[in-house]
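Here's a quick briefing to read with the model open beside you. We'll go through some helix packing, then the ligand site, then a couple of backbone oddities.

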Amino acid sequence: MPTITRSRYEVDLHIHSTCSDGSFTPREIVELARAKGLKAIAIADHDTVEGVAEAVAAGAERSIEVVPAVELSIKNEPEKDFVELHLLGYFIDHQDEELNDILNRIVQARIEQKIRQIKVLQDDGIDVSVEEVFSVARGVPGRPHIAEVVMRRNPGRFASKEELFAEYLTVGGKAYTKRSFSLTLAEAIQVLVEAGGVPVLAHPGAYNKVNDVEAMIRRAQEIGLQGLEIAYTYNKNRPHYGLAPAEMQTLLARFEALADELDLVKTGGSDFHGEGKDIELGEMGMNYVEFQELKIRSSFTATLDQS
Ligand code: AMP
Ligand code: ZN
Ligand code: FE
Ligand code: FE
């Protein structure tokens, strides 16, 4: 068993479980968080809250605070081309009926989209089946599940997963198809707020296809965005793989300044997916004092929602 080192951060609010495209169950993540000395975590799975109850229960047993969360995939409407944005929702009521209805619609659209993507790959002579992809995906299916099966079934066809993504799966790739149902940013903010949550824009530095990210964030703040994810593993994710520490600092400082100017709460997280991605739990995140600010913001949101 590998040695587990203590995490640099006390709080990691961006984690994926087997309920979307992560490789550890919510309970395993809580155990790992405890071993690494984290005080609070959020499982923010793509378009699902299926892992929240298990994580909250495990957290209560292990004295780890678990924030009910979700990471919604949404479309950025004002842009001419389809650009996907990710919106985190923290301290949501994960049993909220409207939220769950909408998540179910998004998941149905995802399933249908993945089937169409697999069909395009098959038509191009690539060995991959819907059944296998959906059995690899233990929860909501995502492109990484398709990639896993394609890489395993077609040795030598792609030099790396990155190459497969670039040719087929990335937005604009040969097998990329839009989802038949997506929320706009305004709709997503509203759904989260109505479920008592704090809407936070995930990894603002990653939207290289948005013409003016800063203007987009200003508009979002006017329609109810309440936070920005600052500390994030940009150097381990697209489109900034290998970003040097100095450039990383510049990127984080830029969004930190914008968050301060717009009175947005600042969050942080690793985007940990478990095995298969070179990111550790708690590699990025926030300290406990910063986490308190988010809590204060969430109690304020809860008051707003009742009025
Ligand atoms: P989906 O949820 O199906 O839209 O897939 C989203 C996931 O695919 C993200 O969480 C990333 O982990 C992964 N992904 C998207 N684009 C790429 C890419 N170009 N290279 C590697 N992984 C990617
Ligand atoms: Zn993911
Ligand atoms: Fe994301
Ligand atoms: Fe994520």
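## Helix pairs and a ligand pocket

Helices α1 and α2 make a right-handed crossing. Keep in mind that this is a predicted model. Besides that helix pair, there's a second one, α5 with α6, also noted as a right-handed crossing, and a ligand with 13 residues around it.

**α1 against α2**

- The α1 helix covers residues 26-35 and α2 covers residues 52-62; their axes come within 8 Å and cross at roughly 35°.
- On the α1 side, the residues making the contact are Pro 26, Arg 27, Val 30, Glu 31 and Arg 34.
- Facing them from α2 are Glu 54, Ala 55, Ala 58, Gly 59, Glu 61 and Arg 62.
- Sorted by class, this contact has six charged residues, four nonpolar and one polar.

**α5 against α6**

- Here the axes sit 10 Å apart, and the helices pack at an angle of about 115°.
- α5 brings Arg 143, Pro 144, Ile 146, Ala 147, Glu 148, Val 150 and Met 151 to the contact.
- α6 answers with Lys 161, Leu 164, Phe 165 and Leu 169.
- The class split for this pair is eight nonpolar and three charged residues, with no polar ones.

**Around ligand 1**

- Of the 13 residues surrounding ligand 1, the closest are Arg 110, Lys 114, Arg 143, Glu 162 and Arg 238.
- Lys 114 puts a polar side-chain atom 2.7 Å from an oxygen atom of the ligand.
- For His 46, a polar side-chain atom lies 3.3 Å from a ligand oxygen, and for Asp 21 the corresponding distance is 3.5 Å.
- Taken on its own, ligand 1 has 500 Å² of accessible area, and the protein covers 90% of that.
- Three elements give two or more residues each to the shell: α3 (97-123), α5 (143-153) and α6 (161-169).
- By class, the shell has eight charged residues, three polar and two nonpolar.
- Arg 143 is worth clicking on twice, as it's among the closest residues to the ligand and also part of the α5 contact with α6.

**Backbone oddities**

- As a rule, most residues other than glycine have a negative phi, and most peptide bonds are trans.
- Which bond is cis? The peptide bond joining Arg 238 and Pro 239 is, with omega at about -10°.
- Pro 239 lies in the loop between β8 (227-231) and α9 (245-261), while Arg 238 is another of the closest residues to ligand 1.
- His 203 isn't a glycine, yet its phi is positive, at about 25°.
- You'll find His 203 in the loop between β7 (198-201) and α8 (213-222).

Technical notes
Residues numbered from 1 in each chain as written. Chains lettered and ligands numbered in written order. Predicted model: local features only at pLDDT ≥ 70, side-chain atom pairs only at ≥ 80, totals over all residues. Heavy atoms only, no water. Near = heavy atom within 4 Å. Polar contact = N/O pair within 3.5 Å; in protein donor to acceptor, adjacent residues only side chain to side chain. Areas by Shrake-Rupley, 256 points an atom, 1.4 Å probe, with all protein chains shown as cover. Helix = DSSP H or I, 4+ residues; strand = E, 2+ residues; numbered from the N terminus. Nonpolar A, V, L, I, M, F, W, Y, C, P; charged D, E, K, R; others polar. Axes fitted to C-alpha atoms, helices over the stretch in contact; angles between N-to-C directions. Left-handed = near helix turned anticlockwise from the far one by under 90°. Contact = heavy atoms within 4.5 Å.
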